[in-house]
Amino acid sequence: MTFYQIWVRSFCDGNGDGIGDLYGVYKKLEYIKSLGVDAIWLCPVYPSPNADYGYDISDYRDIHPDFGDLDVFRKVLAKTHRLGMKLIMDLVVNHTSDEHPWFLESRKGRDNPYSNYYIWRDKPNNWDSLFEGKAWTYDEVRGQYYLHIFSKKQPDLNMDNPEVREEVKGIMRYWLDMGVDGFREDVINFISKKEGLPDGLPFLPAINGMFAYKDGPHIHEYLAEFREVAKEYDCIQIGEGPMTTVKTALMYLTGKNKSLDMMFSFDHMMADCFYTEYIHHPFDLKKLKKAFSKWQYSLNGKAWNTLYLENHDHPRVISRYGSEKFHRESGTMLAACYIFQQGCTFIYQGQEIGMTNIRLRDIAEYKDISSITNFNRYHVNDTIEQRMRRIYRSSRDSSRTPMQWSGRRNAGFSRVKPWFTVNPNYRRINVEAQENEPDSILNFYRKCVKLKKSSAALTYGRYREFFPGSREIYMYERVYKGHRWLIICSFAKHNVIVQLPKEYAGAEKKLILGNYPGTDPDDMCFGPYEARVYAFR
Ligand code: GLC
Ligand code: CA
């Protein structure tokens, strides 16, 4: 199964105000279908003051006026279904916006019906917010502090309050009744906080509270309640799990506490950084391979992996793990390296044409709260140039520039000036140009998706990695009922002679897919970022 993720604000502007919207999504559904996609994940489209672009929700049952209204949403949903695809929504219930009516009520005092919907304390603990400063903000009106793991404008809901859980179930039902097929559940492993909210470790800036709110004491009970609702509708639930480990993921995905169908983990997104993309180191292929293989081996036969390299929270993968110089080569190689693993493929808008990171001159031109606060919070004694270089490597805004549809004005995203800067490389990198180019990244994505779907071995086969010590080659097999596939990916900028594993030497092989047109299948000299997919008998 293949998902396509849409971050609507930057996908396609359908009504000509410079902001991507659901009219634009409606227009582009055939394009999405043409990729071989089975389902769409829509990032939050609800009313939101946009402190965190939609992840701060002020009304769970409506559509942001920038994006359209419930009517156009229903049309998008119906057309998605007509085209044979499913649609899932983002369920963001760890926190709301501080402009949500529940919060506006809650802050009024300790004796209103919503007073216990959020986490209020007279005395804050030492937790840091992931986005800015301390995780507690004093509210003058109520005369207490409220908890916000993310920005000040994203107060955490008190999930220990059964009424809050009822609200969540009501929200799920509302969208499921409308025909939605499931949810991507935002930071879902954060929703149950440790009793007493103990102080965190002071030497872990930003994440010092994490051990008290990640996988908290009642998480399985609460998720079991939500699972009941999901079961009534037979819908899919995919949880986002920052810092999740294989061990904890298996608790959510298997056994008596099974409450999610799949989980987004982050290990493989840290091959060039430590726990946040803002603290980076040179790309380390061994680290990437280790993360891939760990999840592949551990979930095999037990649960289904989510396979992704990009989303709205990570900079563009070519700029990170590939090479902007070898743009087509590395963009296609990266596609092959993850899609043929075991699991469900996710493609993020623009990834399929190899969009790259944006480099704006001034921090004031950035929009994402975490980029801006990182800039102002860490390494403040470095030069501005050094700090901007960090932003170029780490900013979430790199994945939020307008989708590059064509080489025409505003990249074909909008008739008017877009809400956010278009990457100047749109004249070279865009959908229209790649449609007409048989060997483009776009067409390679199509081939990968199609090939995977056509083969039981590439879908269900056992995964095994070869030569894990190599700093240039990532090689793995997928084996199922006598069918063997070998996926070989070079991460080198130079030619590399590739050796086959012993058991493959001399076997009859067929080159089914590669990113160097006209390759001789028996010549094992790989060009820069070359990828090949062989079938063996
Ligand atoms: C998730 C979202 C991210 C958001 C955060 C807070 O990580 O993917 O975009 O900022 O949660 O809601
Ligand atoms: Ca618009």
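Asp17 is partly exposed, at a relative accessible area of 38% (partly exposed lies between buried, under 20%, and exposed, over 50%; 1.4 Å probe, protein chains only). Asp17 is also a protein donor of the calcium ion (ligand 2). This is a predicted model: local features need pLDDT of at least 70, side-chain atom pairs count only at pLDDT 80 or more, and totals for chains, interfaces and linings use all residues. Residues are numbered from 1 along each chain as its sequence is written, chains are lettered from A and ligands numbered from 1 in written order, and side-chain values use heavy atoms, without hydrogens and water.

**Calcium site**
- The protein donors are Asp13 (OD), Asn15 (OD1), Asp17 (OD), Ile19 (O) and Asp21 (OD), at 2.2 to 2.4 Å from the ion (donors are N, O and S atoms within 2.8 Å of the metal, 3.2 Å for Na, K and Ca; water is not among the atoms, so sites may look incomplete).
- Their sequence spacing is D-x1-N-x1-D-x1-I-x1-D.
- Asn15 counts as partly exposed, at 38% relative accessibility.

**Helices 11 and 15**
- The axes of helix 11 (residues 327–339) and helix 15 (residues 441–454) come within 9 Å and cross at roughly 15° (axes are lines fitted to C-alpha atoms over the stretch in contact; angles run from 0 to 180 degrees between N-to-C directions).
- Helix 11 is therefore roughly parallel to helix 15 (angles under 35 degrees).

**Helix 12**
- Buried residues of helix 12 (residues 369–377) are Ile369, Ser370, Ser371, Thr373, Asn374 and Phe375 (helices are DSSP runs of H or I, at least four residues; strands are E, at least two).
- Their cover includes strand 11 (276–280) and helix 13 (384–394).
- His379 follows helix 12 and has a positive phi, near 50°.

Definitions and conventions
Angles under 35 degrees count as roughly parallel, over 145 as roughly antiparallel, 65 to 115 as roughly perpendicular and the rest as oblique. Contact means heavy atoms within 4.5 Å.
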